[in-house]
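Trainee: I have a model open and would like to talk it through with you. Could we begin with the ligand site and then move on to the strands and the loops?

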Amino acid sequence: MTADVGRIGVVGAGTMGSGIAQLACLGGYRTVIQDPVPEALEAGAARVVDSLGKGVRREMWSAEEAEAAGGRLEAVEDVGELEGCDWVIEAAPEDVELKRRLFAELAAACGPEAILATNTSSLPVTAVGAETPNPERVVGMHFFNPPALMKLVEVVATADSSAEALDATTEVGRRMGRTPIRAKDSPGFIANRLARPYMLESLRMLAEGVADAPTIDRACRLGGGFRMGPFELIDLIGLDVNLSVARSFYAQGGEPERWRPSEIQARMVDEGRLGRKSGTGFYAYDDAGSGRPDVPLHGDASKERGERVGPTLDPDDLAKIDPAAPEIVPRLVAQIANEAAFALEEEVGSPQDMNTAMRLGFNWPLGPIEFTDLIGPGRAVELLESLRPGRGDAYGPAPGLIRNITSST
Ligand code: NAD
């Protein structure tokens, strides 16, 4: 039976907390947003109201609906005031000690029946819930930024999470108008993990001199059908943020070679080249965040539409983009197929959910399993094996990918 959720608590009124609170209000829930910093609480609650108004102007909902949603919001400073919430999501800063403490306080304030969810992107959910007396009530619920626009939400199951808590959380996600998928508590869950090879393989190709960053980006956009090239994406995320994500994956995964963080990226971070926010990264920006002078992201879109050939692995079509593209795109797709095979083996999620995660979470033109079908496991393994000499374990094919060759021939 799915637990009935009536009153939602949102802990942390920052970027994510305010976005999630807005979705909860629109989903019809009485919503209590909490933040110990009075200015942050006030600003977060104001963002909810603001954004509800914006939605009316964009005809996403009516003025009446916005008003009713705004009327469901209550703002409080103390965790104790979340008493009576039967489902709580925590979106406080990414610090495991802080979150662990908060979860213990939440369990005491809301009682043994309340479901406690964390929006953490990179910490193990199990570690966040380690000090709660009812670990079966603890789940992950990972939203994407900005929550109001990104449809994907990952519902993360620890070894202890009960079916009831997971089902209730999935139902909350649906009522918030999102598309929930189910992931196992494991490094980066599904979406961020499957995005690893897109960035890391591109960084390795850059390090090897296969092509420069703008060429790799163009090959990915035009030949791979990706919305943004990997280096544009890293510039947008911030090289420092992306590097700390890379380091966290590497550590949590037991330092597998294919997740080894890029030395180029570490050097650039040391030099203060952090991407858009610092004015330079892989590209130079006019002023922080305003755009790229060399390869305009949006300005050339119509021209680029005519040049787009992918997603494809056809060497002749790819060569129309750049002579290096027939090497770039298949390497990337082989590594995506490989990561998906490792993730499937570890039962991180279902094939369907993996496809949904990357289409909705990262705007990929195909999901990783669809990319695997495009290249075929046989060709993926062959390509990975051909790249192995001198490069080592970063190219070791997943056992599941090798097994698939037999089942698909
Ligand atoms: P943020 O810094 O914008 O907001 C954090 C808020 O938490 C601040 O308002 C702060 O005052 C408040 N806070 C500090 N201590 C607190 C406490 N003890 N109790 C309650 N609130 C407290 O951060 P954010 O970007 O909204 O991220 C929040 C969480 O969501 C993190 O775990 C992050 O990893 C995760 N996340 C972030 C993104 C993203 O793109 N920003 C995406 C997915 C998940």
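Mentor: In this predicted model, 24 residues surround the ligand, counting a residue when one of its heavy atoms lies within 4 Å of it, and the closest are Met16, Asp35, Glu94, Lys99 and Asn119.

Trainee: Before we go on, what conventions apply to the numbering and the confidence?

Mentor: Residues are numbered from 1 along each chain as its sequence is written, and side-chain values use heavy atoms, with hydrogens and water left out. Because the model is predicted, local features need pLDDT of at least 70 and side-chain atom pairs count only at pLDDT 80 or more, while totals for chains, interfaces and linings use all residues.

Trainee: Which ligand atom does the side chain of Asn119 approach?

Mentor: A polar side-chain atom of Asn119 lies 2.9 Å from an oxygen atom of the ligand, a polar contact in the sense of a pair of N or O atoms within 3.5 Å. A backbone N or O atom of Thr15 is 3.0 Å from an oxygen atom of the ligand, whereas an N or O atom in the side chain of Ser121 lies 3.3 Å from a ligand nitrogen atom.

Trainee: And how much of the ligand does the protein bury?

Mentor: Taken alone the ligand exposes 830 Å², and the protein buries 74% of that, with areas from the Shrake-Rupley method and a 1.4 Å probe.

Trainee: Which elements give two or more residues to the shell?

Mentor: Those elements are α1, α4 (96-110) and β6 (138-143), where helices (H or I, at least four residues) and strands (E, at least two) are DSSP runs numbered from the N terminus. The largest share, 3 residues, comes from α4. By class, the shell has 12 nonpolar, 9 polar and 3 charged residues, with Asp, Glu, Lys and Arg counted as charged, and Gly counted among the polar ones.

Trainee: Switching to the strands, why is β2 largely enclosed?

Mentor: Strand β2 (residues 30-34) is largely enclosed by the rest of the structure because 4 of its 5 residues are buried, meaning under 20% relative accessible area, against over 50% for exposed and partly exposed in between (1.4 Å probe, protein chains only).

Trainee: What does β2 pair with?

Mentor: Strand β1 (residues 7-11) runs parallel to β2 and is joined to it by 5 bridges, and strand β3 (residues 73-76), also parallel to β2, is joined to it by 4 bridges; strands pair if DSSP finds at least two bridges between them. Val32 of β2 is the bridge partner of Gly9, and its bridge partner in β3 is Glu74.

Trainee: Now the backbone: where are the cis peptide bonds?

Mentor: One joins Asn145 and Pro146, with omega about -5 degrees, and Pro146 is in the loop between β6 and β7 (152-157). Another joins Gly310 and Pro311, with omega about 10 degrees, and Pro311 lies in the loop between α12 (301-307) and α13 (315-319).

Trainee: Why would one look twice at a positive phi?

Mentor: Most residues other than glycine have a negative phi, and most peptide bonds are trans. Here Glu59 has a positive phi near 60 degrees in the loop between α2 (38-57) and α3 (63-71), and Glu347 has a positive phi of about 55 degrees in the loop between α14 (325-345) and α15 (351-362).

Trainee: Are those two buried or exposed?

Mentor: Glu59 counts as exposed at 71% relative accessibility, and Glu347 is exposed with a relative accessible area of 60%.

Note on methods
A polar contact is a pair of N or O atoms within 3.5 Å; within protein, one must be able to donate a hydrogen and the other to accept it, and residues adjacent in sequence count only if both atoms are side-chain atoms.
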